[in-house]
Amino acid sequence: MNKFAIKIYGCQMNVYDGDRLRTAMLSRGWQETTEAEADVVCFVTCSIRDKAEQKAISEIGRHERVYKRTGRPMVVILGCMAQRVGQEIAKKFTCVKVVSGPRHLGLVPDALERVIVTGQKEFFLDTDPRELTDLCVCPTAGANPFKSYLTISYGCDRFCSYCIVPYVRGRLQSREPKEILAEARQLVERGVTEITLLGQNVDAFGKDFRDKKYSFAMLLDEVSQIPGLCRLRFATSHPKDFDTDILDVMKRNDKICRAVNLPVQSGNTRILKEMNRGYTREDYLGLVARIKEALPDISLTTDLIVGFPTETEEEFLDSCSLLQEVKFDIVHTAAYSIRPGTRAATMEGQIDEATKNRRLNEINAIQSEIARNANEAYIGQTMEILADGFAPKGRGQIQGRTKTDHVVILDGSEEDFGKLLTVEITGANPWSLEGKIKSKD
Ligand code: SAM
Ligand code: SF4
């Protein structure tokens, strides 16, 4: 029996792709194992920052040394980095046998079966950003049996000036609503209780359909009505495309979690313009106010880049003050990373690494304080969580998420996984809450 291992880097879409590939290979009789035992190791890669790429390359280098001695494992590179630099990597490493961009996953299972026999290199890369050969498999062998991601659209047409995504994931292409609903139903039938709908910009869903009559809000409404589904999440929203009809659907249906990831990227209007984000600081704050008014219990999270080319100290401080003003629950911060081929990569006024890192540490300290205070306010409250697995560092403890996407760590057992638990919050830190079970659904 052929053995495979899957290693995921980067975003939730890669987790979804990894889950579908696992499901496909298991159904072909392959066995999943550790990287050390595998005949084929599949890397689902990320290109969003240089660091993510370097990490994957060093891991491939480790397998190359073993491959040269023993003739195994073969390495398959999938995803964004494969599309961006896969050909160069395959030239450098003899162990790399299959290279496929994110829009060609459908060709990968057959290629794995061929390569195990022939050992010949194969490449599936986009020549046209609208090409798509997807793997039409429902990810029923996911890493977590109770939660699943579900990609609703491919690619992105926004071309933010720092971002590699439109170059490696191609143009926006929404999946057919019927297909998405069928997949969601199948997931629920197999025991999934929480689904997260994924797109680089979910709010743009349907804008590429010829009649433009089907919107993201309509999809959200339809998926949320599937019997047996307890919770529905979505990511990522774009402030320019977030329509208030999404709020109307959320208000009507409390299965849809009170959590919106609304990346701001900068708190300064000039930098936002340089980033090609399509909104000002004031537009963003206005949208936040409308969301909070419609859904007062909403949890807002965001993404923010420091050290974008030409960002001055004052402009950086605008990002810090925006965090103080909005008080997000979570902020995913990153130091700007040059991505070759993007507009920002060629801009004058690149910021040195030391300044970027200093700004990153400063803004992280500010957010950490905000999150600690916000989380401490939950102590003593009763919240409902969906228990979904063991806590990573929890000495046998389990974890779950609230509707507002807060992680709660508590004493419990495997029997609680997939269930809704009512918990009392007993402790808090900037990243998570602690709780104890009051009752089970
Ligand atoms: N589509 C989403 C949006 O509109 O923000 C997010 C997509 S991207 C996969 C995830 C995050 O990576 C972005 O929100 C951004 O903060 C970060 N990112 C993208 N390009 C980056 C770069 N060149 N340097 C640092 N961070 C970057
Ligand atoms: Fe990248 Fe901007 Fe598209 Fe998000 S919206 S994926 S940041 S280009």
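Which element supplies the largest share of the lining of the largest cavity? The answer is helix α1, which gives three residues to that lining. The model described here is a predicted one, and α1 is a useful place to start reading it.

Two cavities of 30 Å³ or more are present in the structure. The largest encloses about 90 Å³ of space. Its lining is made up of Met13, Asp17, Arg20, Pro102, Arg103, Asp134, Thr151, Ser153, Tyr154, Gly155 and Arg169. Besides α1, strand β8, which covers residues 153-154, also supplies at least two of the lining residues. Sorted by class, five residues of this lining are charged, three are polar and three are nonpolar. Asp17, Arg20, Arg103, Asp134 and Arg169 are the charged ones, because Asp and Arg belong to that class.

The second largest cavity holds about 50 Å³ of space. Around this cavity stand Asn14, Asp17, Val44, Leu78, Gly79, Ser100, Gly101, Pro102 and Leu105. Two or more of these residues come from α1, and two or more come from β4, the strand at residues 74-79. The class count for the second largest cavity is four nonpolar, four polar and one charged. Asp17 and Pro102 appear in this lining, and Asp17 and Pro102 also appear in the lining of the largest cavity.

Helix α1 also packs against another helix. It runs over residues 12-27, and its partner α4 runs over residues 108-118. The two axes lie 10 Å apart and make an angle of about 50 degrees. The pair is therefore classed as oblique, and α1 passes α4 in a right-handed crossing. On the α1 side the contact is made by Leu21, Ala24 and Met25, which meet Val108, Pro109 and Leu112 of α4. The residues of this contact comprise six nonpolar, no polar and no charged. Leu21 thus belongs to the contact with α4, whereas Asp17 of the same chain numbering belongs to the cavity linings described above.

Further along the chain, α8 takes part in two helix packings. The first is with α7, a helix at residues 216-224; here the axes are 8 Å apart and the angle is about 15 degrees. That angle makes α7 roughly parallel to α8, and the crossing is right-handed. From α7, the residues in contact are Phe216, Ala217, Leu220 and Asp221; from α8, they are Asp245, Ile246, Val249, Met250 and Arg252. By class, this contact has six nonpolar residues, three charged residues and no polar ones.

The second packing joins α8, at residues 244-252, to α10, at residues 281-294. Their axes are 10 Å apart, with an angle of about 20 degrees. Because angles under 35 degrees count as roughly parallel, α8 is roughly parallel to α10. This crossing, too, is right-handed. Thr244, Leu247 and Lys251 of α8 meet Arg290, Ile291 and Ala294 of α10. The contact of α8 with α10 consists of three nonpolar, one polar and two charged residues. In α8, then, Leu247 is among the residues that meet α10, while Ile246 is among those that meet α7.

Some backbone details remain, and they are found in loops. What kind of peptide bond joins Arg72 and Pro73? The bond is cis, with omega at about 0 degrees. Pro73 sits in the loop that runs between α2, at residues 50-70, and β4. That strand was met earlier as a contributor to the lining of the second largest cavity.

Another cis peptide bond links Ala235 to Thr236, and its omega is about 5 degrees. Thr236 is placed in the loop between β11, at residues 231-235, and α8. This loop leads to the helix that packs with α7 and with α10.

The last detail concerns Phe159. Although Phe159 is not a glycine, its phi is positive, at about 50 degrees. Phe159 lies in the loop between β8 and α5, the helix at residues 165-169. Strand β8 is also one of the elements that supply at least two residues to the lining of the largest cavity, and Arg169 is another residue of that lining.

Definitions and conventions. Residues are numbered from 1 along each chain as its sequence is written. Chains are lettered from A and ligands numbered from 1 in the order in which they are written. This is a predicted model: local features need pLDDT of at least 70, side-chain atom pairs count only at pLDDT 80 or more; totals for chains, interfaces and linings use all residues. Side-chain values use heavy atoms; hydrogens and water are left out. Axes are lines fitted to C-alpha atoms, for helices over the stretch in contact, and angles run from 0 to 180 degrees between N-to-C directions. Helices (H or I, at least four residues) and strands (E, at least two) are DSSP runs, numbered from the N terminus. Angles under 35 degrees count as roughly parallel, over 145 as roughly antiparallel, 65 to 115 as roughly perpendicular and the rest as oblique. A crossing is left-handed if the near helix is turned anticlockwise from the far one by less than a right angle, and right-handed if clockwise. Contact means heavy atoms within 4.5 Å. On a 1 Å grid over the protein atoms alone, a cavity is a set of points where a 1.4 Å probe fits but cannot get out, and a pocket is an open set with protein on both sides within 12 Å along at least five of seven lines; lining residues have an atom within 4 Å of a point. Grid points are joined across faces, edges and corners, and a volume is the space filled by probe spheres set on the points.
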